[in-house]
Amino acid sequence: MSYNGGQDILKLMRTIDDRIVHELNTTVPTASFAGKIDASQTCKQLYESLREAHASRERAIKHCIAQTSAVVNKLREEREKDFGDSALIKQLRKEQTKLKLMQSELNVEEVVNDRSWKVFSERCRIHFKPPKLQ
């Protein structure tokens, strides 16, 4: 899969955060309206959805990084055997660039996740206490 195709898939996968943030903002009451609705179940479901979405995206990004790293290492080994192959060097540079872009997606992911958890915390802290993670 090309990096751009992977980026498109990640973008699509990240829309779940946008939907959850929207749902948090529209269905979970602020503290002043807390008595009018039982938001604990909604918060619990949204918590699980966020966790699953974040874990799924992280796995996908790390899988792509591992695959591309393997390709880069293979191309490096081939370059060691044939130093003058310009097509090989060009392909190696292309894969190295792709690898750097994929690694930067982990930083993007961290920003997206932080934003979602911030909204979750603001809306759900009085309704739902997430379990302690190991």
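I take helices (H or I, at least four residues) and strands (E, at least two) as DSSP runs, numbered from the N terminus.

**Entry 1: basis.** I note that this is a predicted model, in which local features need pLDDT of at least 70 and side-chain atom pairs count only at pLDDT 80 or more, while totals for chains, interfaces and linings use all residues. Residues are numbered from 1 along each chain as its sequence is written, and side-chain values use heavy atoms, with hydrogens and water left out.

**Entry 2: overall content.** I looked up the secondary structure of the chain and found three helices and zero strands. From the N terminus on, the order of elements is α-α-α. I then looked up burial, where buried means under 20% relative accessible area, exposed over 50%, and partly exposed in between (1.4 Å probe, protein chains only). Of the 134 residues in the chain, 31% are buried.

**Entry 3: helix α1.** I located Leu-24 in helix α1, which covers residues 3-27. Leu-24 has 0% relative accessibility and therefore counts as buried. The C-alpha atoms of Leu-24 and Ala-39 are separated by 9.7 Å, with the two positions 15 residues apart along the chain count. I also checked Ser-49, which has its place in helix α2. Its relative accessible area of 28% makes Ser-49 partly exposed. From the C-alpha atom of Ser-49 to that of Ile-20 I read 7.9 Å, the two residues being 29 residues apart along the chain.

**Entry 4: helix α3.** I compared the length of α3 with its expected span, which is 1.5 Å times one less than the number of residues. For the 39 residues of α3 (residues 86-124) the span should be 57 Å, and the end C-alpha atoms are 57 Å apart, which agrees. At the N-terminal end of α3 I found Asp-85 as the cap, with a side-chain oxygen 3.1 Å from the backbone nitrogen of Ala-87.

**Entry 5: packing of α2 and α3.** Axes here are lines fitted to C-alpha atoms, for helices over the stretch in contact, and angles run from 0 to 180 degrees between N-to-C directions. I find α2 and α3 packed at an angle of about 165°, their axes 9 Å apart. That makes α2 roughly antiparallel to α3, the class for angles over 145 degrees (under 35 is roughly parallel, 65 to 115 roughly perpendicular, the rest oblique). The crossing of α2 past α3 is left-handed, meaning that the near helix is turned anticlockwise from the far one by less than a right angle.

**Entry 6: a polar contact.** I looked up His-54, found in helix α2. At 6% relative accessibility, His-54 counts as buried. Its side chain makes a polar contact with the side chain of Asn-113 at 3.2 Å. Such a contact is a pair of N or O atoms within 3.5 Å; within protein, one must be able to donate a hydrogen and the other to accept it, and residues adjacent in sequence count only if both atoms are side-chain atoms.

**Entry 7: cysteines.** I searched the whole structure for disulfides (cysteine sulfur atoms within 2.5 Å) and obtained one. This disulfide joins Cys-43 to Cys-124, S to S 2.1 Å. Cys-43 lies in helix α2 (residues 40-81) and Cys-124 in helix α3, so the pair ties together parts 81 residues apart in sequence. The torsion about the S-S bond is about -85°, so the disulfide is left-handed. Both Cys-43 and Cys-124 are buried. Cys-64, at 21% relative accessibility, counts as partly exposed.
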